[in-house]
Amino acid sequence: MINTFDKITDQSYALAKKGDPLFGAVSISGAKNMVTKIMTACLLAKKGKLIIKNVPFISEVLITLRLFDQLGVKYKLNVDKTLEIEPQSFRSSKVKFEGEEGNRISLLLAGPVLAQFGEATIAKPKGCKIGLRKIDFHVQGLEKFGTQIKETDEFLFMKLGAQGLKGTQFRLPFPSVGATENLLITAVSAQGESIINNCAVEPEIIELVKFLQRAGVEITLNGDRSIKVRGAENINLSEFTVIPDRIETVSLAAAALATKGDVFLKNAKQDLIVTLLGLLEKMGAGIEIKENGIRIFYKQALKPISVTTEVYPGLATDFQQSLAILFSQVQGLSHIHETIFEKRFGYLEVLNPLIKNNKKFTISGQCPKGQECRFSGQGHQHFAEINGPIEFGAGEVAICDLRAGFALLTAGLLSDGLKISNLKLLFRGYEDPVAKLKSLGADIELKI
Ligand code: EPU
């Protein structure tokens, strides 16, 4: 398979259309939302070399490496998907993004940079435009560790008091993935013990906890979503492996079922998608769990279903886009109640004009009856009704966010011909998605 992530330009597009059901075997790559966090945690080491294995070739990794360049961190990304990191002294306390480029990782560098310089100038995180994506929990948490923070539109200017980073207790108002990771990494550099309450416990966070534990940090995860960390002078670990990407797993599984296909997802892990597998089972999908992967196959007409996205172990918000396309192929009414991000159904609005059989995706600001969520009464368009089966005609769409990108590719495989542009967003988080679909027999071409 050719790795194309660094060749995609603003002009690149994909052409997809209805063809044979997806069939065959494909490998799941390393997890996007884990690899960059482990890369950041490596910066807690003061010497030596750390090797991260199973690094996905996606531009999210490159964007993070460009932040490392500014800090002067040495690294080598090898063809065998290992990333060697030599975290020595940083040469700068400032990180910024170039042009349009960006991700959520800049903010996670705060702890390691503050620990060395006592100050940090950090570009505000960017990323998919799927909601407000406030950073108030990060700011409040870092302040509790003893950081003074001033904000401009683009940057956070941080300064430590005379006592440096000091251990603290902080309760997250909501189990935010990024804020949990940020405060865990910061806690390692702080003096004494810290307790973070109401943490997110997504599998990628558990991997971060495992990484820190193996690196010699005293860290305990409790049943009440609290994590206790004892600050450490240094961490020490030679290598760590990235788990398979559960979001890519679900994206491919949904595409297989939507095309009435039969695929084997090599390396896919049951324990990362238990909730989702239960849901597919309920719909009537064929599932075979093996030691080295998971087979997903269409065996009968699927049943419609209503789902709600939630923090882990609930159904991940990153799964709903591919599921919406799958639901569009099922006879009857399915629903998705999105409770993590305020505005994550933009891709359905993009698809509506392409529908040729008098159906549509209906998006509303109301919670389903009796299921009020924290967005209740605020008018955020966070509830989708999908009345299948939907038939997609021909046309053009531009990807509006990463996960929507794969959903649009899948819609393309059910259409009379779809041109999908803005691929940079897609290749930020999926490794060779077009080549993988093509290897399963999809009628899809990548035009670089
Ligand atoms: N939130 C705040 N204030 C904060 C932080 C978060 O109000 O300071 C809110 C957010 O606005 C959102 C909710 O808390 O409504 C959850 O956000 P969270 O912080 O958990 O999200 P994140 O860390 O920015 C990560 C993933 C996302 C994934 C979410 C939820 C990375 C790089 N990104 O984002 O992945 O959807 O957790 O699981 O890990 C993707 O891969 O496409 C993607 C968007």
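Begin by selecting helix α7 (residues 246-258; helices are DSSP runs of H or I with at least four residues, strands are E runs with at least two, and both are numbered from the N terminus): its 13 residues should span 18 Å at 1.5 Å a residue, counted as 1.5 Å times one less than the number of residues, and because the end C-alpha atoms are 18 Å apart, the two values agree. This is a predicted model, in which local features need pLDDT of at least 70 and side-chain atom pairs pLDDT 80 or more, while totals for chains, interfaces and linings use all residues. Residues are numbered from 1 along each chain as its sequence is written.

Staying on α7, colour by burial: 13 of its 13 residues are buried, meaning that 20 or more other C-beta atoms, placed from the backbone, lie within 10 Å of a residue's own. After α7 comes Lys260, with a positive phi near 60 degrees.

Next, select the open sheet of four strands, ordered β22-β23-β1-β24 with mixed pairing, where two strands pair if DSSP finds at least two bridges between them. At its edges lie β22 (392-398) and β24 (443-447), each of which pairs on one side only. Between β22 and β23 (residues 415-421) the pairing is parallel, over six bridges, and Glu396 stands opposite Lys419 in β23.

Finally, turn to the ligand, which is surrounded by 27 residues, each with its C-beta atom, placed from the backbone, within 6 Å of the molecule; the closest are Asn33, Phe137, Ser176, Val177 and Gly178. The elements that give two or more residues to this shell are α1 (32-42), α4 (136-144), α5 (177-189) and α11.

Terms used
Buried ≥ 20, exposed ≤ 12 C-beta atoms within 10 Å, placed from the backbone.
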